[in-house]
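Q: Please take a close look at one part of this model, the sheet shared between the two chains, and set it in the context of its surroundings. A connected account is preferred to a list.

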Amino acid sequence: MSTSLKDRACIVGIGQTAFCRAPGSGMTQLGIQLQASLAALADAGLKPQQLDGVMPFPNLGSAEEFAANLGIASLRFAATVHMGGAAPVASLQAAAAAVTSGIADYVLLPAGWNGYSGRRARETIAMDVASLPGGAIARDYYMPYGLTAPPQWYALIARRHMHEFGTRPEQLGAIAIAMRKHAQLNPGAVMKDKPLTLDAYLASPMITAPYRLFDCCLETDGAAAVVVTTAERAKDLARKPVYIMGVAAAQPYPADEITNRADLFETGLTIAAPRAFAMAGVTPADVDFAEIYDCFTFEVLQQIEETGFCGRGEGGSFVEGGTIELGGALPVNTHGGLLSDAHVLGMSHITEAVRQLRGDGGERQVADAEIGVVTGWGDFGDGSIAILRR
Amino acid sequence: MTDTPTTPRPLPALQGLTQQFYDFCRQGELRFQRCDGCGTWRHVPREVCATCGSFAWSWTKSSGRGRVFTWTVAARPMHPGFADAAPYAPVVVEMEEGVRIVTQLVDVAPDALAIDMPVEVAFEAVTPEVTLPKFRKA
């Protein structure tokens, strides 16, 4: 008997709040996540009390408080995957395993924060050792040398990629511009009506070289949530289900230290992507669009390579010439991503993929989208990937 | 973000193996763990050898020499303790022993850094208790 998760679990509901910077959401971090959760449940045609599983994002709320607020009287599955921005997609895997094995019937995946009006992401990481990947390692061996925040960690890898493969700033710029173009077609995107040119990209101030301002994701308020159940139960719900064809998550070695890897480019996704494609029984060439965790531009390029959309070292030329824009061979981040829609910790990449596969993409709909990929990237290169179909 | 230059720079917590590593630095010695079983060098400090499983290891003196492996130039510091330091460059040095270490160079401007630049350790006492292993151009 096969134990593969292929096509056995579905995303049946999606929800999200408005995404914004100033003046902020006006709600608590838990409140906006509950708002997105209730929207996802309504979308699915489920009552909150029908939930029996909750998978909160790391450090952004407990399953207990979600359950108490939502009236979940029988919480049977409560878990958090500690993979930073890779957590939402990795949670899809755990939720699929939970519902197909009968541990739970309906699992809620919420994520959200007041990343603009509350404590900024950059400060949280720099000042709170408990939330640092690597924990004491980062405190004792990175921070005293001024290596204190995610763009600095990842810039170390980007620099090596430029050295080994000749990747150029203009190619990172092509990623920022593609995300910004897509945001112009997304009425809710924070960067709507703020187009970006290559000149403006190149002129933007350095944050941590080689990352300029426009290589870096937004800091925003907002939340998103999805509901997962079995393919069997999905048939009785309000919306046409989106099937999880393949899903995997993995960590690089060593996961708690980003500089001592034999191969600096071998991240969690390197391990996870072939497993997910093998489960799904499709190849990267079969994929119609990809929502790729875009904390910084180079991470998009690297994940395009490690997912297998092109070979390692070929990402720079791959992203040029409109390949990753709507109308290109592989539209990436059709909503604008973390770079130009909003930073919702990767959960909005899942909601956007579901929207595309339902045909609800509006002006930014990928024509006849059948198969979409969503990735997550977190901490020191943890990776996750889901291959979804309509 | 409170960019007060008076915010102290972050320091390592001197406990366990980390205390031992930094105590050697304070004495002017860069030492890494080396497995007594299979000879594998390691950094950062670990309890057990991930190659052979041996708990036996020795703090073994490094040549102190290595090459610049990669770096970033922090133009916008993201920790208030470094607000007055920009631009500065966290650098990864690959030691002759094979391990890599996060550090800074004391005598090379950020825009003069180059991959494979040869460097050697240059200790910097930042407090009476803590000496950081930094590097200079060799």
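A: **The sheet shared by chains A and B**

In this predicted model, an open sheet of 3 strands has the order 6(A)-5(A)-5(B), with antiparallel pairing. Its edge strands are strand 6 (211–212) of chain A and strand 5 of chain B, each of which pairs on one side only. Strands of a sheet pair through backbone hydrogen bonds, in either the parallel or the antiparallel sense.

The pairing that crosses from one chain to the other is between strand 5 of chain A and strand 5 (residues 73–74) of chain B; the two are antiparallel and joined over 2 bridges. At one of these positions, A:A209 has B:V73 as its bridge partner.

A helix accompanies the sheet. Helix 6 of chain A lies across strand 5 and strand 6 of chain A together with strand 5 of chain B, and its direction makes an angle of about 50° with strand 5 of chain A.

The sheet belongs to a wider contact between the chains, in which 30 residues of chain A are in contact with 30 residues of chain B. On the chain A side, the elements that give two or more residues are helix 4 (121–127), helix 5 (136–141), helix 6 (150–165) and strand 5 (206–209). Helix 6 of chain A provides the largest share of that side, 6 residues. Sorted by class, the side of chain A that touches chain B has 16 nonpolar, 7 polar and 7 charged residues.

Turning to chain B, its secondary structure comes to 1 helix and 9 strands. The order of its elements from the N terminus on is α-β-β-β-β-β-β-β-β-β. The radius of gyration of chain B is 16 Å, close to the 14 Å that the globule rule gives for 138 residues, so chain B is as compact as a globular protein of that length. Along its principal axes, the C-alpha trace of chain B spans about 45 × 30 × 25 Å. Of its 138 residues, 36% count as buried. Among contacts in chain B between residues at least 6 apart in sequence, 51% join residues at least 24 apart.

Further strand pairing is found within chain B. Strand 4 (residues 65–71) and strand 6 of chain B run antiparallel and are joined by 5 bridges. In that pairing, B:T70 is matched with B:V92 of strand 6. Strand 6 of chain B is also antiparallel to strand 7 (residues 100–103) of chain B, with 4 bridges between them. Here B:V92 has B:V102 of strand 7 as its bridge partner. Strand 6 (residues 91–95) of chain B is mostly covered, with 4 of its 5 residues buried. The hairpin of strand 6 and strand 7 of chain B has 4 residues between the strands, and B:G98 takes a positive phi near 105° in it.

Chain A, on the other side of the contact, has 14 helices and 11 strands. The radius of gyration of chain A is 19 Å, close to the 21 Å from the globule rule for 390 residues, so chain A is as compact as a globular protein of that length. Its C-alpha atoms fill a box of roughly 50 × 45 × 45 Å along the principal axes. Buried residues make up 61% of the 390 residues in chain A. Of the contacts in chain A with a separation of 6 or more, 77% are between residues 24 or more positions apart.

Helix 7 gives a view of the interior of chain A. Helix 7 (residues 169–183) has 15 residues and reaches 21 Å from its first C-alpha to its last, close to the 21 Å expected at 1.5 Å a residue. Helix 7 of chain A is largely enclosed by the rest of the structure, because 11 of its 15 residues are buried. Among them are A:L172, A:I175, A:M179, A:R180 and A:H182. What covers the buried residues of helix 7 includes helix 8 (198–203), helix 11 (297–307) and helix 13 (337–340) of chain A.

Key:
Residues numbered from 1 in each chain as written. Chains lettered and ligands numbered in written order. Predicted model: local features only at pLDDT ≥ 70, side-chain atom pairs only at ≥ 80, totals over all residues. Expected span 1.5 Å × (residues − 1). Buried ≥ 20, exposed ≤ 12 C-beta atoms within 10 Å, placed from the backbone. Contact = placed C-beta atoms within 7 Å. Rg over C-alpha atoms; globule rule 2.2 N^0.38 Å. Nonpolar A, V, L, I, M, F, W, Y, C, P; charged D, E, K, R; others polar. Pairing = 2+ DSSP bridges. Axes fitted to C-alpha atoms, helices over the stretch in contact; angles between N-to-C directions.
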